[in-house]
Amino acid sequence: MSDQEKNTENLKEVQQVGVIVKLSRPLLWEDVEYNELKLNFDELSGEDIIDAEGEFIDFVAGKRNVLVAFKNEHPAYHAVLAAKAAGVHPNFMNKLKATDFMKVTGASKRFLNRMG
């Protein structure tokens, strides 16, 4: 098998797995230690996307200068969407270190850009 065929095979495996974000340090959440987050954006349903908007509104409650109309550009919406894709509560994202938060929300933004 050529190197190009191997690379293509590995790419297919990665696409099937989803996006895996290795955390800079373990995070303990509800008695579970997380070392990485597996974000399965491709497994989200339409209902998940609709629910994410409501969860985003709850997530930013009391915050200033948040316009729901521009949610696709807001890191909090990206965090809520990533939480959906990872199967964790959105408040989990608040506990991530900044670098990990940026990796996770960046993956959400790339997903949205790919779809839009």
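This passage describes helix H3 and its surroundings in a predicted model, then turns to a strand hairpin and a shared nonpolar core.

Helix H3 makes a convenient starting point. It covers residues 75-86, and its 12 residues should span 16 Å at 1.5 Å a residue; the end C-alpha atoms are 16 Å apart, in agreement with that expectation. Nine of the 12 residues are buried, so the helix is largely enclosed by the rest of the structure. The buried set consists of Ala76, Tyr77, His78, Ala79, Val80, Leu81, Ala82, Ala83 and Ala85. Their cover includes one strand, S2 (32-39), together with the helices H2 (46-59), H4 (91-94) and H5 (98-115). Just after H3 comes glycine 87, which takes a positive phi of about 75°.

Among the elements that cover H3, helix H5 deserves a fuller look. The two helices pack at an angle of about 85°, and their axes are 8 Å apart. Angles of 65 to 115 degrees count as roughly perpendicular, and H3 and H5 are therefore described in that way. On the H3 side, the contact is made by Pro75, Tyr77, His78, Ala79, Leu81 and Ala82, while H5 brings Phe101, Val104, Thr105, Ser108, Lys109, Phe111 and Leu112. Threonine 105, found in H5, shows this packing at the level of a single residue. With neighbours within four places in sequence left aside, threonine 105 is in contact with Pro75, His78 and Ala79. Its relative accessibility is 5%, and buried means under 20%, so threonine 105 counts as buried.

The loop between H2 and H3 holds lysine 71. At 17% relative accessibility, this lysine also falls under the 20% cut-off and so counts as buried. Lysine 71 touches Glu53, Phe56 and Tyr77, not counting residues up to four places away in sequence.

The strands come next. S1 and S2 pair in the antiparallel sense over seven bridges, and leucine 28 stands opposite glutamate 33 in S2. The hairpin has two residues between its strands, and here glutamate 30 takes a positive phi near 50°. Glutamate 30 lies in the loop between S1 (19-29) and S2. With a relative accessible area of 64%, glutamate 30 is exposed. Glutamate 30 is 62 residues away from phenylalanine 92 in sequence, yet their C-alpha atoms are 9.4 Å apart in space.

Phenylalanine 92 leads on to the interior, as it is listed among the residues with the most contacts inside the largest nonpolar core, along with Leu39, Phe41, Met93, Leu96 and Val104; this core has 30 residues. At least two core residues are supplied by each of S1, S2, H2, H3, H4 and H5. The largest share, eight residues, comes from H3.

Valine 104 links these themes, being one of the residues with the most contacts inside the core and a part of the H5 side of the contact with H3. Not counting residues up to four places away in sequence, valine 104 touches Val21, Leu37, Leu39, Ala82, Met93 and Leu96. Of these partners, Ala82 is among the buried residues of H3.

Notes:
Residues numbered from 1 in each chain as written. Predicted model: local features only at pLDDT ≥ 70, side-chain atom pairs only at ≥ 80, totals over all residues. Heavy atoms only, no water. Helix = DSSP H or I, 4+ residues; strand = E, 2+ residues; numbered from the N terminus. Expected span 1.5 Å × (residues − 1). Buried < 20%, exposed > 50% of the residue type's maximum accessible area, 1.4 Å probe, protein only. Contact = heavy atoms within 4.5 Å. Pairing = 2+ DSSP bridges. Core = buried A, V, L, I, M, F, W, Y, C linked by side-chain atoms within 4.5 Å. Axes fitted to C-alpha atoms, helices over the stretch in contact; angles between N-to-C directions. Parallel < 35°, antiparallel > 145°, perpendicular 65-115°, else oblique.
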